[in-house]
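Biologist: Got a minute to go through this model with me? I'd like to start with how the helices pack.

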Amino acid sequence: MPCPRVLRLLRGGLPRLGWELVRPARGSASAPGAADFNSFVARTNTCGELRSAHVGQEVTLYGWIQYQRQGLFLVLRDFQGLTQIILPQDEAHSHVRKLLSNAPVESVVRVTGIVSSRPPGQENPKMPTGDIEVKVETAEILNSCKKLPFEIKDFIKKSEALRMQYRYLDLRSFQLQYNLRLRSQIVMRMREYLCNLHGFVDVETPTLFKRTPGGAKEFLVPSREAGKFYSLPQSPQQFKQLLMVGGVDRYFQVARCYRDEGSRPDRQPEFTQIDIEMSFVDQAGIQGLIEGLLQYSWPQERGAITTPFPSMTYEEALADYGTDKPDTRFGMKIVDISDILRRSDIQFVQNALSYPHGTVKAICIPQGVRYLKNKDLESLKESAKSQFNQEVMDVICRPDGSLKSLLTKLLGKEQQSELIRALNVQVDDVVLLAAGEHKRVCSALGSLRLESADLLEAAGMTLRDPTAFHFLWVVDFPLFLPKEENPAELESAHHPFTAPHPVDTNLLYSDPTKVRSQHYDLVLNGNEIGGGSIRIHNAEQQRFVLEKVLKEDSEVLSHLLEALEFGAPPHGGIALGLDRLISLIVGAPSIRDVIAFPKSFRGRDLMGNAPDYVTPEELEPYHIQVSWPVAETEAKKN
C-alpha cells in the first residue's frame, strides 16, 4: 500500500516534483528548458496534462484503459495521469463506441477527439484533469489485454511474489511510476550538483574484478582459465582510490554493487550507490559536500532540509540509543541509573556493577500502561532475553505517582524519587530496566526502544512523524572490532582502507583495540543511508593494518599497496545507498518498491526465474562440474 503522504498525491495522477521543469499548457509560451513529453511521438498530449485551457482543441491520446462504464465513458491512463473519454452515442460513430466498449481493461488504445468542459456538477476536483473530458471521434485498439493476474490499482492488495512475477504489470501503478520518476529526477540533480557545480568526473569502474579481503561475501564469476574466478565488487572501493592516485581528484559514479547475502527489506544482492571520492579532503569537507548534495537534490514537496546535520560520536549513539544508527525523531533515550542504584541492596544490580564495564540503564515508555498490554511487556522482555541474553525488569508508575515493581520494596523513598526524576517518569509510564555489561545492556534497550515505539504506534499513539526527516552524522567509530566468531581476532569496523583518527595513530601499533577511525555514517530516521571514511594513503601503514592487525594476505592487494607507493594523495570518500534513500523519501516499506526489477526476499528473479540451471556443455569451457544431482534433488523437493 502507498504511504498516506504519497497516496494523497497519487489520486488522479503523478505529482509535480518541486524542482521539476514541467511542460506548459499547449498553446502557451514554452518555458526555457521545459520538459516536452510529446516530442518525437504521435500523441499531442499526455493523459495527465489537459486542462480547461485546452477546451475546443483536437487531441490525440495514447494509453491504457483504466476503467469502463456501460458504454458511456472510459478512463484512459498513461505515466502522467488520467483522462475521462466520452464515447460517442450517435449512430455515425457506433463502430467507435463498440470498439472501445468491447476492449478489455488495460488494453492499449489511441483516441482522437475534442476537449470539452465537463457538465456543471460533474467536475472531479480529485483529478488534475477533472474539469475536462475528451469526446472521442476516432479510436484504435493497438493491443488487447488478456485476463489480468491482478488489478492495476494501488489500493488493491497483491502478494509480493505475484508482484515480482508480473513486475511489468506492477510497474504500471501510479505508486511505482512515481517512485521511479522521483528517483530519476533526484539522480539527475545529484549529477548536476557534483559534475556541473563542483567539478566531479563521472567514471565507470569495472564490474569484473578480484576478491576483496573482509566484508560481505562476493559473487564469483567463472573464467575460461581453470580454477580462476572473477568477483563482482561489493563497491568500487579500490578503483576509486586508484583514481585518486591517478590524479582524477574528484570522482563520482552511480555504481552498481553486489553482495552475496540474504535479502532483507533494506538489502538486495544487487544495489545502487552514489559513490564519491575526493583528494586533499578531510572529514568535514566530505560532510559539507554531502549536506549540500542532499539539499540541492531534495524534492521541495518533502519540505526543506536544514544543514549542517547534527553529529554524535559512536559511543554517544550507543549510550543514548543503543545503536549506531539512532532514530532521533522521538525520545525514550537510554538513561544511566547506575549511581542511583549503586547504594541499593539489589543483588543482581550489585553483581552487574562489580564488573569493569558493568552498568544499570533504563528507558521510559510514555503512557505504556494505557497503550501496552501485559503480553506486550512480556514479549519485550522475551525479546531482550532471546536476542541479547539480557534480563529486563519493568517498573510501572501508578495513578498516585508511586512505583509498582518487584524492585520497589528494595528501594528507599529517596531512591525511587531519584529514579522518577532521572527518567522523567509520569503517571501510566512504564520503565524497562536492565543491568549488565555496558554494550549488551545498551544494545538490548536500544532494540526494545524501537519495538516499544512500534507497539505504541500500532495501538494508536503518534510518536514518529512520518513526514519528518531527521539526518544525523555518527562519527568516531572504533577502527577495529573483535570478530564475533573469535573475539581474540580483530576485523575492520568499516573496511581495511579506513585511516585511524589522527589523535590515535600511535595506538595503532601498541593497542589497536583502542583506535578510533576517520569513519563517518549518515543516518536518516534510524536507517544508515551512507558511510565513508578518510583512507590510508601510506603504503607502509596499509600493509601493517592488513598483515599485523587483520592477519590478511596482503598479496591479494599488492596492486593497491604498490599504487600507494607512487605518490598517493591524501583522499577520502563516501557512498550513499540510493535505493534506501529513495525508499525513505517516498515512505516505501522496502527498497524493492523503488527498484524497477528487484530480486525477491530470497534473492530470486521470479519474473525470469533466475538463477537457473545450465547444462554441463555450457559449464565445460569454465572447467566446472556440478558434483551432485541437482535436477534429481530439485525434482524430489517438488
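Biologist: At what angle do helix 12 and helix 14 cross?

Modeller: Roughly 145°, with the axes of helix 12 (residues 374-388) and helix 14 (residues 438-458) coming within 10 Å. Axes here are lines fitted to C-alpha atoms, for helices over the stretch in contact, and angles run from 0 to 180 degrees between N-to-C directions. Helices (H or I, at least four residues) and strands (E, at least two) are DSSP runs, numbered from the N terminus. Bear in mind that this is a predicted model: local features need pLDDT of at least 70, side-chain atom pairs count only at pLDDT 80 or more, and totals for chains, interfaces and linings use all residues. Residues are numbered from 1 along each chain as its sequence is written, and side-chain values use heavy atoms, with hydrogens and water left out.

Biologist: Left-handed or right-handed crossing?

Modeller: Right-handed, for helix 12 passing helix 14. The call is right-handed if the near helix is turned clockwise from the far one by less than a right angle, and left-handed if anticlockwise.

Biologist: Which residues meet there?

Modeller: From helix 12, they include Asp376, Leu380 and Phe388, and helix 14 brings Arg440, Leu448, Glu451 and Leu455, among others. Contact means heavy atoms within 4.5 Å. By class, the residues of that contact are 6 nonpolar, 5 polar and 3 charged. Ala, Val, Leu, Ile, Met, Phe, Trp, Tyr, Cys and Pro count as nonpolar, Asp, Glu, Lys and Arg as charged, and the others, Gly among them, as polar.

Biologist: Switching to sheets. What order do the strands take in the one with 5 strands?

Modeller: 12-13-16-14-15, an open sheet with antiparallel pairing. Two strands pair if DSSP finds at least two bridges between them. Strand 13 (residues 358-365) and strand 16 (residues 430-437) share 8 bridges, and Ile363 sits opposite Leu432 of strand 16.

Biologist: Why is one side of strand 12 and of strand 15 left without a neighbour in the sheet?

Modeller: Because strand 12 (335-336) and strand 15 (403-404) stand at the edges, each with a single partner strand.

Biologist: And how is the sheet of 8 strands ordered?

Modeller: That open sheet runs 6-9-10-22-21-20-17-11, with mixed pairing. Strand 6 (201-202) and strand 11 are the edge strands, each pairing on one side only. Strand 21 (residues 527-534) and strand 22 (residues 571-577) run antiparallel with 5 bridges, and Ile534 has Gly572 in strand 22 as its bridge partner.

Biologist: Which strands does helix 6 lie across?

Modeller: Strand 9 (250-258), strand 10 (270-279) and strand 22; helix 6 (residues 237-245) runs at about 20° to strand 10. Helix 8 (residues 314-321) also packs on the sheet, touching strand 11 and strand 17 (471-475), with its direction at about 90° to that of strand 11.

Biologist: Backbone oddities now. Where are the cis peptide bonds?

Modeller: One joins Thr307 and Pro308, with omega about 0°, and Pro308 is in the loop between helix 7 (283-297) and strand 11 (311-313). Another joins Ala610 and Pro611, with omega also about 0°. For context, most peptide bonds are trans.

Biologist: What about the phi of Glu106?

Modeller: Near 75°, so positive without being a glycine. Glu106 lies in the loop between helix 2 (94-102) and strand 4 (108-117).
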